[in-house]
Amino acid sequence: MPRIEAVPTTREDTHVLTVLRALADPKRYRILAALREKERCVRDLVDGEGMPQPLVSHHLRVLVEAGLVGSRRADGFTLYAVDPAGMAQARDAVVGLLDTDVLGPMARPGGNQGCCAP
């Protein structure tokens with residue numbers, strides 16, 4: 001049986017995986033949803049989400065590393081907000097992965113008649 005060729009991991013592949021991992025956690029998803037409503041500090045997220053501060057900080061770091069959230073300092077506090085440019089870039093990367101218009105004929109159902117043939 002022929003081996004499946006490994007798909008080369010490009011920078012875009014890595015970015016898509018980072019975004020999908022960031023969004024796959026229900027707690028991060030809730031934090032991102034809260035930040036879509038308004039800019040918030042960690043204490044606001046701790047109170048609103050009922051999570052301990054270290055856990056909120058961890059999830060914020062993952063969202064920042066994925067490019068979905070940014071931060072700024074104001075009056076001794078760090079405020080977090082969605083990063084519109086980062087979110088647009090993440091959306092485009094994920095949409096590129098899920099774009100059915102670029103599928104080749106063999107990737108579609110029934111496209112590989114020779115697979116598992118006797």
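# Notebook: salt bridges, a helix and a sheet

**Entry 1, a pair within one helix.** I began with Glu 65, which forms a salt bridge with Arg 61, the closest N and O atoms being 3.8 Å apart. The model is a predicted one. I looked up where the two residues sit: both lie in helix α4, 4 residues apart, which is about one turn of the helix. I then checked accessibility. Glu 65 is exposed, with a relative accessible area of 58%. Arg 61 is partly exposed, at 45%.

**Entry 2, the other salt bridges.** How many salt bridges does the structure hold? I noted 6. As background, side chains of opposite charge can pair when their charged atoms come close.

I turned to Glu 49, which forms a salt bridge with Arg 30; here the closest N and O atoms are 2.8 Å apart. Glu 49 lies in helix α3 (residues 42-49) and Arg 30 in helix α2, so this pair ties together parts that are 19 residues apart in sequence. Is Glu 49 buried or exposed? Its relative accessibility is 18%, and the cut-off for buried is under 20%, so Glu 49 counts as buried. Arg 30, at 36% relative accessibility, counts as partly exposed.

I also looked up Asp 92. Its salt bridge is with Arg 91, and the closest N and O atoms are 3.2 Å apart. Asp 92 counts as partly exposed at 47% relative accessibility. Elsewhere, Glu 37, Arg 40 and Asp 44 are joined into one network by salt bridges that share partners.

**Entry 3, helix α1.** I moved to helix α1, which covers residues 11-24 and has 14 residues. From its first C-alpha to its last, α1 reaches 20 Å, close to the 20 Å expected at 1.5 Å a residue. Which residues of α1 are buried? I listed His 15, Val 16, Val 19 and Ala 22. Looking down the axis of α1, I found its buried residues within an arc of 130°, so they line one face of the helix.

I next asked what this buried side packs against. The buried residues of α1 pack against three helices: α2 (26-37), α4 (53-65) and α5 (84-98). On the face of α1 turned away from its buried side, I noted the exposed residues Arg 21 and Ala 24.

**Entry 4, the sheet.** I then traced the strands. There is an open sheet of 3 strands in the order β1-β3-β2, with antiparallel pairing. Its edge strands are β1 (40-41) and β2 (69-74), each of which pairs on one side only. For reference, strands of a sheet pair through backbone hydrogen bonds, either parallel or antiparallel.

I took the pairings in turn. β1 pairs with strand β3 (residues 77-82) in the antiparallel sense over 2 bridges. Arg 40 stands opposite Tyr 80 in β3. I had already met Arg 40 in the salt-bridge network with Glu 37 and Asp 44. Which helix packs on the sheet? I found α2 there, touching β1, β2 and β3, with its direction at about 90° to that of β3.

The pairing of β2 and β3 is also antiparallel, over 6 bridges. In their hairpin there are 2 residues between the strands, and I noted that Asp 75 takes a positive phi near 55°.

**Entry 5, Val 69.** I went back to one residue of β2, Val 69. It stands opposite Val 82 in β3. Val 69 counts as buried, at 3% relative accessibility. What is Val 69 in contact with, leaving aside its neighbours within four places in sequence? My list is Leu 32, Leu 35, Leu 63, Val 64, Tyr 80, Ala 81, Val 82 and Asp 83. Tyr 80, one of these contacts, is also the residue that Arg 40 stands opposite. I also looked up Ala 85: Val 69 and Ala 85 are 16 residues apart in sequence and 9.7 Å apart in space, C-alpha to C-alpha.

**Entry 6, Arg 43.** My last check was on Arg 43, which lies in helix α3. Arg 43 is exposed, with a relative accessible area of 55%. I compared its position with that of Asp 83: the two are 40 residues apart in sequence and 20 Å apart in space, C-alpha to C-alpha.

Definitions and conventions:
Residues numbered from 1 in each chain as written. Predicted model: local features only at pLDDT ≥ 70, side-chain atom pairs only at ≥ 80, totals over all residues. Heavy atoms only, no water. Expected span 1.5 Å × (residues − 1). Buried < 20%, exposed > 50% of the residue type's maximum accessible area, 1.4 Å probe, protein only. Arc of directions from axis to C-beta. Contact = heavy atoms within 4.5 Å. Salt bridge = Lys/Arg side-chain N within 4 Å of Asp/Glu carboxyl O. Pairing = 2+ DSSP bridges. Axes fitted to C-alpha atoms, helices over the stretch in contact; angles between N-to-C directions.
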